[in-house]
Amino acid sequence: MDRNSITGLVLIFIIIAGSFYLLQPSEEELKRERQLQDSLARARAGIEQVDRDTTVQQTTALDSALLSGPFGNAIQGEDRVVTLENDYIRAAISTKGGRVKSVELKNETTYDGRPLMLFEGDQNKFGLFFSTAGKNIITNDLYFTTEGGDIQVTGQDSASVTFRLSYAPEKYIDYIYSIKGDDHNLGFTVVTKGLQDVVAPTESQLVLNWEAVLSQKEKDMSSERQRSTLYYSLADGEVDHLNTAKDDEEQLDERVEWVSFKQHFFSNVLVAENGFNGGKVNVYTSADRDIVKLFSANLRLDFSRQDINTYPMHFFFGPNQYKVLKAHGYGLEKQIDMGWGPMKWINRFITIPVFSFLDSFNWSYGLVILILTVMLKLVLSPLTYRSYVSMAKMRVLKPEMDQIKEKVGQDNPTLLQQEYLKLYKQAGVNPLGGCIPLLLQMPFTIAFFFFFPNLFELRGESLLWVKDLSTYDSPITFPPLPLIGMDHISLMCILMTVATLLSTWYNNSISGATGQMKYIGYFMPLIFLFVLNSFPAGLNYYYLLSTVFTFGQQLVIRQLINDDKILAIIEANKKKPEAQKKSKFQQRMEEYMRQQQAQGKKGKK
């Protein structure tokens, strides 16, 4: 790196730091903004009051013809809530719409300690769509009746409650909710009785509409949005999802087994025992800072012209914990992003089983990650050893390579590479011997990049100064910096970066790297400082441990390797006959050099 490049980098950092201080709003500007927001809040309150008054007037003047129409007796009613509760969930079922109005996970809290509500409020909708007598029926807006009261079960106990939407004494829709004491499920069965002549004769399907507004539950809203989207499973077991980075919708023409409104660490899943006959699903990002995303699914249910139709289903309301989802069945664990290609298989068949085994000892997760790191490093130690030996060979050859460079000069790079290849062939050295073992280790390194950010077990777990290993630690916070938007510094990420820089410096010193190659290794840790600053502290903790143990392995291997012995082996290889078999790498490189030399001669002509 030359002096101009260093000067440029220093100036960039000065500009960013200066912008941070110069672009901060003044106290007077902050005061005016607060006054403006207060005025807007008062105006919104006045509008809401007018809307409420208007709604009361409209309700009082309901058209009598509407009351006498299909399901007219259900247009008005009592909005009563029945609570179904077990060891894990507390679900509130409203008589308005007969829908699940809210769900609380009893053993979990949000990042700031509030009760964890998966969803709640009238913005969430659930009900059937169909036509009758020229009118569209939306059961979410109608009032059901129930004879049941609050239910609380534990252990192996179970109970159920029925909500009924009546058309006539022998014509109705029943929503039957059931709950057991020891799981995250809420049973849900729809029964239609005597509606064969009520549903419009042109319709062979009912549409089940489900909409939910899911609020923030984790510290990092940006990360939560990136990992929240709608998942679905087709009848053949294939699990797919909508886009996580932008608004998305999809028309499903195949049979669907389940649909999941998935957030980062929690899911709301509706499973149909007999499947849905396709439908339309979508997900949108809200402009509201407290809302993660808006989910919607319109799913088709086959309707037969018979007296009774039954649609058995159930909800799963629970954590995205791999073992919990897998135990539930239906392939729900496929919602957890474990990476792509070899990384996914490494996580599913190696990392998760090993982590689960260590977790069974009920150790702290700081210790579990430490042991997991040691085990991985021991397994990969043969590759580390081969990489280090190859680096040692290149270090021993460096004096001869410098002599060749001085003799040939830098004006003819093709000839210089040819001379290097001759030296490699005589010495029996593969210049890529140090890179290949490192490349073989890369899938394991990248696999953890997916594993830790999606590991539910780390949620709320502390380590030293870190309060929650599932998100970033932020002992230092400040207003967002211009351009990059950075508003905190992660100490765990800083430690990881420092350890990586020290390891890079040590590797450069023993490998004899010079020129640009000497500085390239320093750029990646600095880049990852900004990239990983907002990633979970658990991931940075693993990378810190991994770097430290790799450095320790190198120190041990350095003691085991004697440069004089390596030099003796190289000298012995040089004395072997030239007819020795060339490696494929050497053959390809020599062919490439011949082609480059031939092209150079043509260019001179």
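Ala, Val, Leu, Ile, Met, Phe, Trp, Tyr, Cys and Pro count here as nonpolar, Asp, Glu, Lys and Arg as charged, and the others, Gly among them, as polar. The views below show a predicted model.

**View A. The protein chain of the predicted model, with 14 helices and 21 strands.**
The secondary structure of the protein chain comes to 14 helices and 21 strands, and 43% of its 605 residues count as buried. Among the contacts in the protein chain with a separation of 6 or more, 66% are made by residues that lie 24 or more positions apart. The close-up views that follow turn to particular strands, cavities and residues.

**View B. Strand β18 and its antiparallel pairing with β11 and with β17.**
Strand β18, residues 291-302, runs antiparallel to strand β11, residues 205-215, and eleven bridges join these two strands. Within this pairing, V207 has R300 as its bridge partner in β18, and V213 has L294 as its bridge partner in β18. Strand β17, residues 279-285, is also antiparallel to β18, to which it is joined by seven bridges. V283 stands opposite F295 of β18, and the connection from β17 to β18 is a hairpin of five residues.

**View C. Strand β5 beside strand β11.**
β11, described above as a partner of β18, also pairs with strand β5, residues 125-132, in the antiparallel sense over five bridges. In this pairing L128 stands opposite L208 of β11. Strands of a sheet pair through backbone hydrogen bonds, and they may do so in either the parallel or the antiparallel sense.

**View D. An open sheet of five strands with mixed pairing.**
The strands of this open sheet follow the order β4-β3-β2-β1-β7, and their pairing is mixed. Its edges are formed by β4, residues 115-119, and by β7, residues 151-152, each of which pairs on one side only. Inside this order, strand β1, residues 81-85, and strand β2, residues 89-94, pair in the antiparallel sense over five bridges, with E85 standing opposite R90 of β2.

**View E. The largest cavity and its lining.**
The model has three cavities of 30 Å³ or more, and the largest of them has a volume of about 100 Å³. Its lining is made up of 14 residues, of which Y322, K323, I352, L455 and E457 are the closest to the centre of the cavity. Helices α5, residues 322-328, and α6, residues 342-359, each supply at least two residues of this lining, and α6 provides the largest share, namely three residues. Sorted by class, the lining of the largest cavity holds eight nonpolar, four polar and two charged residues.

**View F. The second largest cavity and its lining.**
About 70 Å³ of space lies in the second largest cavity. The residues that line it are E218, D220, S223, H264, F265, S470, T471, Y472, S534 and P536, and by class they divide into three nonpolar, five polar and two charged. Empty space of this kind is shown by rolling a probe the size of a water molecule over the atoms.

**View G. The surroundings of S490, in the loop between β21 and α10.**
S490 lies in the loop that separates β21, residues 488-489, from α10, residues 491-511. Its relative accessibility is 0%, and S490 therefore counts as buried, the cut-off being under 20%. Leaving aside neighbours within four places in sequence, S490 is in contact with D473, N533 and N540. The C-alpha atoms of S490 and I476, which are 14 residues apart in sequence, lie 7.4 Å apart in space. The side chain of S490 also reaches the backbone nitrogen of C493, at 3.2 Å.

**View H. F528 in helix α11 and the residues that it touches.**
F528 is part of helix α11, residues 516-531. Its relative accessibility is 35%, so F528 counts as partly exposed, a class that lies between the cut-offs of 20% and 50%. When residues up to four places away in sequence are not counted, F528 touches C493 and N533. C493 is 35 residues away from F528 along the chain, and their C-alpha atoms are separated by 8.7 Å. This view can be read together with that of S490, since N533 is in contact with S490 and is also touched by F528.

Notes. Residues are numbered from 1 along each chain as its sequence is written. This is a predicted model: local features need pLDDT of at least 70, side-chain atom pairs count only at pLDDT 80 or more; totals for chains, interfaces and linings use all residues. Side-chain values use heavy atoms; hydrogens and water are left out. Two strands pair if DSSP finds at least two bridges between them. Helices (H or I, at least four residues) and strands (E, at least two) are DSSP runs, numbered from the N terminus. On a 1 Å grid over the protein atoms alone, a cavity is a set of points where a 1.4 Å probe fits but cannot get out, and a pocket is an open set with protein on both sides within 12 Å along at least five of seven lines; lining residues have an atom within 4 Å of a point. Grid points are joined across faces, edges and corners, and a volume is the space filled by probe spheres set on the points. Buried means under 20% relative accessible area, exposed over 50%, partly exposed in between (1.4 Å probe, protein chains only). Contact means heavy atoms within 4.5 Å. A polar contact is a pair of N or O atoms within 3.5 Å; within protein, one must be able to donate a hydrogen and the other to accept it, and residues adjacent in sequence count only if both atoms are side-chain atoms.
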